[in-house]
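Subject: Structure handover and notes

Hello,

Here is the structure I said I would pass on. Please look through it first, then read the notes with it open beside you.

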Amino acid sequence: MISTDALRALLPEGRVFDDPDVLAAHSRDRATFCPAGTPAALVRAYDTGDVAAVLKWAHENRVPVVPQGARSGLSGAANALDGCVLLSLEKMDAILDIDPDEQLAVVQPGVVNGVLAAAVAEKDLFYPPDPGSRSISTIGGNVSTNAGGMCCVKYGVTGDFVRGLEVVLADGRVMRTGRRTAKGVAGYDLTRLMVGAEGTLGVVTEVTVALRPASAQPLTAVAFFPGVAGSARTVSGYLAEGYQPSVLEFMDASSVKAVQQIADLGFPEGMAAMLLVQSDRGADAPADLAAFERVARAMGAAEVVVSDSAAEGEMLMQARRLVGDAHEKLGKALLIDDVCVPRRHLVDLVEGLQRIAEEHRVQVLCSGHAGDGNMHPVVAFDDGDADETARAQQAFDAIMQLGLDLGGTITGEHGIGQLKRDWLGRELDEAGLWASRAIKAALDPHNVLNPTRVLP
């Protein structure tokens, strides 16, 4: 066990904590089936200097370091290891610059996504990446997993907006990557390398993000289908006609029912699937939604509701935003999955989930970002029942395999962490694994940065 006295000698007062209750409270994120060890210390970093000092010391003393943001992740990447230092970046929460002329912002990693979005909106700008956890998740965490969200179908994921980073490497050296300019291709793309690395290659201490001009207030529509196939064909058909919705979301019958139990939104009963679409194209939005209604009805929609105001649209959007809360109200343990498949295979994925639920005798609910094929199956189970817990794990593995069999990927935005390490070894080929391990060894030769995460 390390001595916290050595860390305290390196850092200003009030940075290092070793109280067992404090450590326990910070020992894990929100993932299921991911063990958490007992950390030796928690360091609350307030600036880049704090991070550099901790990593230099850890590198020299071979002590594992687990970087943490808001711990809202779902893959176990922020869980403690025995004897590790937890490096919290939550206090590094300053918005350093918002530049309307260049349409960019510079922020520290602890800035909450929704706080940044609100701050730039005051200057008639728009930061599109919007994970469902935007009210609590931090920009640093979003960068760590290359988080997505409901606007990805039109605007892209976090990495599409990251122009540059300040990163502290494993040995404490500080590196700047990328640029503030709109274009730049000098050298290897180290920014892209760090985005999605989940703290295994360096610790991000500053992020430069691109912004967009504020979009028009969106209009919204929902369509209800008696069968899943019709909803999936609507997604493909609508996008194939060239439309670019700002949101295109899916909810299966179980998810709609769960939401209805906590907020009666007046949705029809007996439907197998719901699609929710938004257009933020101003004067063109009504035509976009009319086209959606036309396609949905041609694909068998039983009912389509098109909002005529932003307020009504916000009420409809509430259904999708309440999915997470509704799942938690089920009173069961939740294993939240994250697979992404080609859109043409959406129906195969959702119907396959139904078969998996029946085969393993567990409840599987599904919602997600239909517009980009990224679904979030949720296995709900009684974790007090050992047999049901084992079946839930088997169902999770079956979902992973189904996603790969359909030409997809094991994660679209939640990351690998601990939860999917073994599955990454199945998705990547031998050369890809070799290259990934070589990069890790080069940048972190003593394996102190978030070891046992991502790479199998």
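Below are my notes on the domains, one pocket, two sheet regions and a few single residues.

Please keep in mind throughout that this is a predicted model.

Domains

The chain is split into domain 1 (4–88), domain 2 (95–213), domain 3 (216–324) and domain 4 (331–414). Domain 2 and domain 4 touch: eight residues of domain 2 and six residues of domain 4 take part in the contact. Between the C-alpha centres of domain 2 and domain 4 the distance is 29 Å.

The second largest pocket

Where does the second largest pocket lie? Domain 2 and domain 4 both contribute residues to its lining, so the pocket lies between these two domains. Its volume is about 720 Å³. The lining has 39 residues, and those closest to the pocket centre are Gly196, Ala197, Glu198, Ile416 and Val454.

Three helices each supply at least two lining residues: H7 (190–194), H15 (421–427) and H16 (430–443). H16 gives the most, with four residues. By residue type, the lining consists of 15 nonpolar, 16 polar and eight charged residues.

Glu198 deserves a second look, as one of the residues closest to the centre of this pocket. Glutamate 198 is in the loop between H7 and strand S10 (203–210). Its phi is positive, about 55°, although the residue is not a glycine. Is glutamate 198 buried or exposed? Its relative accessibility is 4%, and the cut-off for buried is under 20%, so glutamate 198 counts as buried.

A second residue with a positive phi

Aspartate 124 also is not a glycine and has a positive phi, of about 60°. The loop that holds aspartate 124 runs between helix H4 (113–121) and strand S7 (125–126). Aspartate 124 has 56% relative accessibility, and exposed means over 50%, so this residue counts as exposed.

Strand S19 and its partners

Strand S19 covers residues 374–381, and eight of its eight residues are buried. On one side these are Asn374, His376, Val378 and Ala380. On the other side they are Met375, Pro377, Val379 and Phe381, which leaves both faces of S19 covered.

Which strands are joined to S19 by bridges? Here are the three, with the number of bridges and the direction of the pairing:

- S16 (residues 333–336) is joined to S19 by four bridges, and the two run antiparallel. Leucine 335 has valine 379 of S19 as its bridge partner.
- S17 (residues 339–340) is joined to S19 by two bridges, also antiparallel. Cysteine 340 is partnered by asparagine 374 in S19.
- S18 (residues 363–369) is joined to S19 by seven bridges, again antiparallel. Histidine 369 has asparagine 374 of S19 as its bridge partner.

Asparagine 374 therefore appears twice in this list, as the bridge partner of cysteine 340 and of histidine 369, under the bridge-based pairing rule. S18 and S19 form a hairpin with four residues between the strands, and glycine 373 in that hairpin takes a positive phi near 75°.

Leucine 349

Leucine 349 sits in helix H13 (residues 346–360). With a relative accessible area of 0%, leucine 349 is buried. Leaving out residues up to four places away in sequence, leucine 349 touches Val339, Val341, Met375, Leu402 and Leu406. Met375 is also one of the buried residues of S19, which connects this helix residue to the strand described above. For a sense of scale, leucine 349 and arginine 134 are 215 residues apart in sequence, and their C-alpha atoms are 27 Å apart in space.

The four-stranded sheet

One open sheet has four strands in the order S1-S2-S4-S3, and its pairing is mixed. In general, strands of a sheet pair through backbone hydrogen bonds, either parallel or antiparallel. The edge strands here are S1 (16–17) and S3 (65–68), each of which pairs on one side only. S3 is joined to S4 (residues 85–88) by four bridges, and these two strands run parallel. Across this pair, proline 67 stands opposite leucine 87 of S4.

That is the end of my notes.

Regards

Notes: Residues numbered from 1 in each chain as written. Predicted model: local features only at pLDDT ≥ 70, side-chain atom pairs only at ≥ 80, totals over all residues. Heavy atoms only, no water. 1 Å grid on protein atoms, 1.4 Å probe; cavity = no way out; pocket = protein on both sides within 12 Å on 5 of 7 lines; lining within 4 Å. Points joined across faces, edges and corners; volume = space filled by probe spheres on them. Nonpolar A, V, L, I, M, F, W, Y, C, P; charged D, E, K, R; others polar. Domains from an automatic or database assignment. Buried < 20%, exposed > 50% of the residue type's maximum accessible area, 1.4 Å probe, protein only. Contact = heavy atoms within 4.5 Å.
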